[in-house]
Each structure stands twice: as C-alpha cells, then as structure tokens.
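Work through these exercises with the sequence and the 3D view at hand. Try each task before you read its solution.

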Amino acid sequence: MKPIRLATTAAAAVLLLPVHAEAAPQAPALRDAAPEGLVVGSAVAGGGHHDEQPYPDPFTSDQPYRDVLAREFSSLSPENQMKWEYLHPARDTYDFATADAIVDFAEQHGQVMRGHTLLWHSQNPEWLENGGFSPEELREILHEHISTVVGRYAGRIQQWDVANEIFDESGNLRTTDNIWIRELGPGIIADAFRWAHEADPNAKLFFNDYGVEGDNAKSDAYHALVQDLLAQGVPVQGFSAQAHLNLDDGFPADLTQNLQRFADLGLETAITELDVRMTLPQGGAPTPQQLTEQADYYRRALQSCLDVSSCHSFTVWGLPDKYSWVPGTFPNQGAATIYWDDFTPKPAYDALLETLSASERKSGKPRI
C-alpha cells in the first residue's frame with residue numbers, strides 16, 4: 001500500500017470547542033423515550049449541499065444545533081463527512097479532521113455512530129473517477145480505503161453502510177455509473193464486506209438504499225443478493241431502508257412486512273435516512289394538514305421499526321429544515337425534518353416522542 005498523508009483543515013478547530021452547558025432538556029428527549037435496544041439517530045450536517053449555502057458548516061459553527069444533537073439522539077450519522085470526496089481528497093491523502101470530530105462528539109455524549117459510506121457511485125473525488133486506473137489499481141485503492149477508514153474507527157463505529165445504492169429502480173446493478181461494479185464486476189461487493197469485516201470484526205455491516213421501503217423490484221434484488229452472499233459466507237449483517245419519503249407519493253404501506261422479510265434472513269434492519277418532504281404552497285409554509293400528514297408518516301415509519309424485532313436503529317436525516325438537503329434537490333419541496341428553523345419541534349417530533357413513549361417493545365434485548 002502507498003504511504004498515507006493525513007491532511008489537516010480548519011474543521012479540526014471543532015475539537016477545541018468546549019462541551020456546551022446544556023439548557024434544561026425537554027422531558028423526555030427522544031433518546032430517553034426509546035425502548036431498550038433501539039437507538040434514535042440524526043444525520044450530522046456538513047459537506048455536500050451545505051458547501052453551497054450562505055452559512056458556515058452547521059456542526060462546526062452552530063452551537064444550538066449541537067445542543068439538539070446531544071440532547072435528543074443516541075446515534076449519529078455523518079451526512080457527507082465520511083464520503084469519499086471529503087475523507088479521501090487525493091489518492092495518498094486522507095482528511096479525517098471533521099469525521100474525527102463527529103466521532104469524538106458522539107463519545108462525549110454517550111452516542112453510537114453509523115459510518116456512511118464505503119462503496120457508492122456518487123460523491124467520489126475526481127482523481128478516482130477520472131484517474132484512468134486499471135482494474136488491479138482500482139481494487140487496491142478500494143481495499144486500502146476500506147481498511148484504512150474502517151480500521152481507524154474500529155470499536156468506535158457501530159454500523160457501516162458498506163454498499164450504498166448499488167441497484168437502480170428496476171433492480172439492475174448500476175453497471176454504468178458505479179465505477180466499482182463497472183470496472184471490477186459484481187464480485188467487488190462481497191469483497192467490500194469482507195474487507196470491512198477484517199478491519200473491524202465487531203461492526204455491523206449493511207446494505208443501504210432509497211426506494212426499498214416496500215416490496216418492489218429494487219428491494220427484491222437486494223433480497224436475492226443477500227441470500228446469495230450469505231450462502232457464500234460473506235459477512236452481511238444488515239439491510240437498511242433510507243426512507244426519504246414524499247407526501248405526494250403516499251406512505252409505503254408494506255414497510256413493516258418488507259423489513260421483516262430481511263429480518264427473516266437473519267439480518268438486522270434499520271431506518272437510516274428518514275425525512276418526509278412535501279410540495280409547499282405559495283409562500284413556502286406547510287399547511288396544518290400537511291404537517292398532520294407528515295407527523296403520521298414519521299409515526300408510521302417509527303412504528304414499523306418498532307414492530308420488527310431486528311430493527312435496532314432509527315435515524316432521521318438531519319435537522320432543522322434550513323439545513324435539509326431537500327430544497328436544493330427537489331424544487332418547490334421542503335419542510336422535510338422534525339424541527340423548525342429555530343429548533344422548536346414540529347408535530348412530527350411530537351409524533352415520534354409519543355410513539356416511543358407508548359412502545360410496547362419488550363426490554364431485555366441486548367443494548368447495541
């Protein structure tokens with residue numbers, strides 16, 4: 001393997017911030033209401049679309065935001081800060097500053113971490129996508145990346161999204177836009193799981209995708225692939241549905257049954273990126289009816305996780321609305337998170353809290 005240089009950036013300054021004295025918490029917080037064995041998480045804003053917005057990095061600079069993350073959640077997922085373009089900006093250079101800061105923050109506040117992501121078709125650096133590497137070189141690059149990244153956080157990251165969004169909506173492998181599958185063939189997926197397991201045998205290793213909430217062509221493809229990999233002894237331990245939902249599309253009524261069929265294969269399951277966007281009326285503010293429907297979507301998604309005994313991790317994809325990825329990706333849509341911009345909770349937050357508090361999931365499941 002080539003020698004590695006560790007870059008430093010201004011993001012490292014976040015490590016010097018004192019742990020902020022928290023205001024009197026709401027009683028209870030989401031993390032406190034969750035039954036034993038279930039962590040409730042949030043994505044940690046930074047990188048990605050945030051680089052194009054007229055505000056500084058939220059995690060580094062917004063103390064009220066950090067306070068909400070610490071108070072409400074027992075799990076954190078880096079929204080963009082562990083993706084290749086941020087973590088591995090040059091072939092022989094890694095920049096761990098911001099990722100390290102998030103992991104340190106989680107440990108300071110008694111939170112677990114989800115790592116996101118190791119093999120993906122998107123947000124790869126230009127040096128990788130346009131480097132003209134041979135298949136042998138690409139294989140070595142991926143192996144080194146997974147070994148370096150997962151190994152660095154061994155024992156500190158509970159779950160990894162090893163292979164992210166590898167199928168299209170028709171259930172076909174992304175053989176055109178995924179550099180790893182295109183150049184190395186589908187066998188590289190199994191190798192990625194093996195390499196991640198070698199780097200941290202205790203981390204839970206997941207497939208992760210959007211549009212797999214229900215029983216459809218894409219989720220069917222994952223179901224078949226998982227069975228094949230398990231038969232080969234590949235260490236696949238989890239399947240997660242991102243759950244980027246849209247009021248215009250309706251709620252995936254078979255979410256519970258779909259998670260259960262993966263649980264029946266012996267996998268852990270998770271909801272990893274839940275938000276519920278809506279087409280906003282003129283003026284940009286959601287209507288009371290939209291807020292009611294949104295709260296119901298959040299409640300039903302959480303209940304699906306609670307109803308499947310292998311679902312140990314439930315994550316909302318960031319907060320508040322001003323930091324959401326949705327408006328920049330879906331024109332005229334937004335208001336997708338559980339918090340208003342001033343960090344006051346929406347009805348969706350209340351629905352989650354009430355559902356957690358009323359959960360009949362039995363304790364006794366091992367803490368994760």
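**Exercise 1.** Classify Asp215: is this residue buried, partly exposed or exposed? Then find its salt-bridge partner and place both residues in the chain.

Solution.
- Step 1. In this predicted model, Asp215 has a relative accessibility of 45%. Buried needs under 20% and exposed needs over 50%, so a residue in between is partly exposed. Asp215 is therefore partly exposed.
- Step 2. The side chain of Asp215 forms a salt bridge with that of Arg261, at 3.3 Å from N to O.
- Step 3. Asp215 sits in the loop between β7 (204–209) and α10 (217–231), and Arg261 sits in helix α11 (residues 255–263). The two are 46 residues apart, so the pair links distant parts of the chain.
- Step 4. Arg261 has a relative accessible area of 17%, so this partner is buried.

**Exercise 2.** Asp209 and Lys218 meet in a salt bridge. Are Asp209 and Lys218 buried or exposed?

Solution.
- Step 1. The N to O distance is 3.3 Å.
- Step 2. Asp209 is at 0% relative accessibility, so Asp209 counts as buried.
- Step 3. Lys218 is at 1%, so Lys218 counts as buried too.

**Exercise 3.** Which helices does the salt bridge between Asp100 and Arg152 link?

Solution.
- Step 1. The side chains meet at 2.6 Å, N to O.
- Step 2. Asp100 belongs to helix α5 (residues 97–108) and Arg152 to helix α7 (residues 135–152), 52 residues apart.
- Step 3. Asp100 is buried at 16%, whereas Arg152 is partly exposed at 34%.

**Exercise 4.** How many salt bridges does the structure hold?

Solution.
- The count is 17.

Technical notes: Residues numbered from 1 in each chain as written. Predicted model: local features only at pLDDT ≥ 70, side-chain atom pairs only at ≥ 80, totals over all residues. Heavy atoms only, no water. Salt bridge = Lys/Arg side-chain N within 4 Å of Asp/Glu carboxyl O. Helix = DSSP H or I, 4+ residues; strand = E, 2+ residues; numbered from the N terminus. Buried < 20%, exposed > 50% of the residue type's maximum accessible area, 1.4 Å probe, protein only.
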